[in-house]
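Open the model in your viewer and keep the selection panel at hand. The tour goes stop by stop.

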Amino acid sequence: MEESLSYLKEQFQLADIDVRSYSPLSLAYIGDSIYDLLIRTIIMSEGNLPVQKMHKKASGLVKAQKQAGMMDRILPLLTDEEASVFRRGRNAKPHTVAKNASVSDYRRATGFEALMGYLYLSGNIKRMIDLMKAGLEEK
């Protein structure tokens, strides 16, 4: 996937950016999408299920409560820089409100998505996947 990101940048002449210059909500914007894509990829690997079942599984894994719980599990694994990105995302002031989540869960989920976006844009896809795996493992 790292190679794919490099190829995308090459083909569309995308400038290298300092990912640290992006706002936490911008990182969460891309992080939400890449996390959703990876979850859907994992679900697709389970076989050709009815779309409704796949959607239900995906929805359960991308909701704010699940992401907040994942953050609780992976927070001790984060580097100082990753923890800083999470905190910036968690403390950002989004212009939307949580529909089906507590404010606390929604903010931690935003921090989680910011972290995912940061790792993706930094090209640290392996680290992103390792943290996702650790977060998805139930204790």
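The stops below follow one helix, its crossing partner and some residues on both. Keep in mind that this is a predicted model.

**Stop 1: the two helices**

Select residues 24-44, which make up helix H2. Add residues 103-121, helix H6. How do H2 and H6 lie relative to each other? Their axes cross at roughly 80° and come within 6 Å. An angle of 65 to 115 degrees counts as roughly perpendicular, so that is the term for H2 and H6.

**Stop 2: the contact**

Now show side chains where the helices meet. On the H2 side, pick Pro-24, Leu-25, Leu-27, Ala-28, Ile-30, Gly-31, Asp-32, Ile-34 and Tyr-35. On the H6 side, pick Thr-110, Phe-112, Glu-113, Ala-114, Met-116, Gly-117, Tyr-118, Tyr-120 and Leu-121. Colour the set by class: 13 residues are nonpolar, three are polar and two are charged.

**Stop 3: the aromatic pair**

Stay at the contact and select Tyr-35 and Phe-112. The structure holds one aromatic pair, and these two residues form it. Which values describe such a pair? The distance of the centres and the angle of the planes do. Here the centres are 5.1 Å apart and the planes stand at 90°, an edge-to-face arrangement. Trace the chain between the partners: Tyr-35 sits in H2 and Phe-112 in H6, 77 residues apart, so the pair links distant parts of the chain. Turn on the surface, and both Tyr-35 and Phe-112 are buried.

**Stop 4: Thr-110**

Move along H6 to Thr-110. Is Thr-110 buried or exposed? Its relative accessibility is 7%. Buried means under 20%, so Thr-110 counts as buried. Leaving aside residues up to four places away in sequence, Thr-110 touches Leu-25, Ala-28 and Gly-89.

**Stop 5: Asp-32**

Return to H2 and select Asp-32. An unreviewed UniProt entry lists Asp-32 under "active site". Asp-32 has 35% relative accessibility and therefore counts as partly exposed. Asp-32 is also among the H2 residues that meet H6.

**Stop 6: Ser-26**

Finish on H2 with Ser-26. At 33% relative accessibility, Ser-26 is classed as partly exposed. Add Val-85 and draw a C-alpha to C-alpha distance. What separates Ser-26 and Val-85 in sequence and in space? They are 59 residues apart along the chain and 12 Å apart in space.

Key: Residues are numbered from 1 along each chain as its sequence is written. This is a predicted model: local features need pLDDT of at least 70, side-chain atom pairs count only at pLDDT 80 or more; totals for chains, interfaces and linings use all residues. Side-chain values use heavy atoms; hydrogens and water are left out. Helices (H or I, at least four residues) and strands (E, at least two) are DSSP runs, numbered from the N terminus. Buried means under 20% relative accessible area, exposed over 50%, partly exposed in between (1.4 Å probe, protein chains only). Axes are lines fitted to C-alpha atoms, for helices over the stretch in contact, and angles run from 0 to 180 degrees between N-to-C directions. Angles under 35 degrees count as roughly parallel, over 145 as roughly antiparallel, 65 to 115 as roughly perpendicular and the rest as oblique. Contact means heavy atoms within 4.5 Å. Ala, Val, Leu, Ile, Met, Phe, Trp, Tyr, Cys and Pro count as nonpolar, Asp, Glu, Lys and Arg as charged, and the others, Gly among them, as polar. UniProt positions are given in the numbering used here, feature names are shortened, and annotations may be inferred rather than shown by experiment. Rings of Phe, Tyr and Trp (its six-membered ring) pair if their centres lie within 6.5 Å; planes under 30 degrees apart count as stacked, over 60 as edge-to-face and the rest as tilted.
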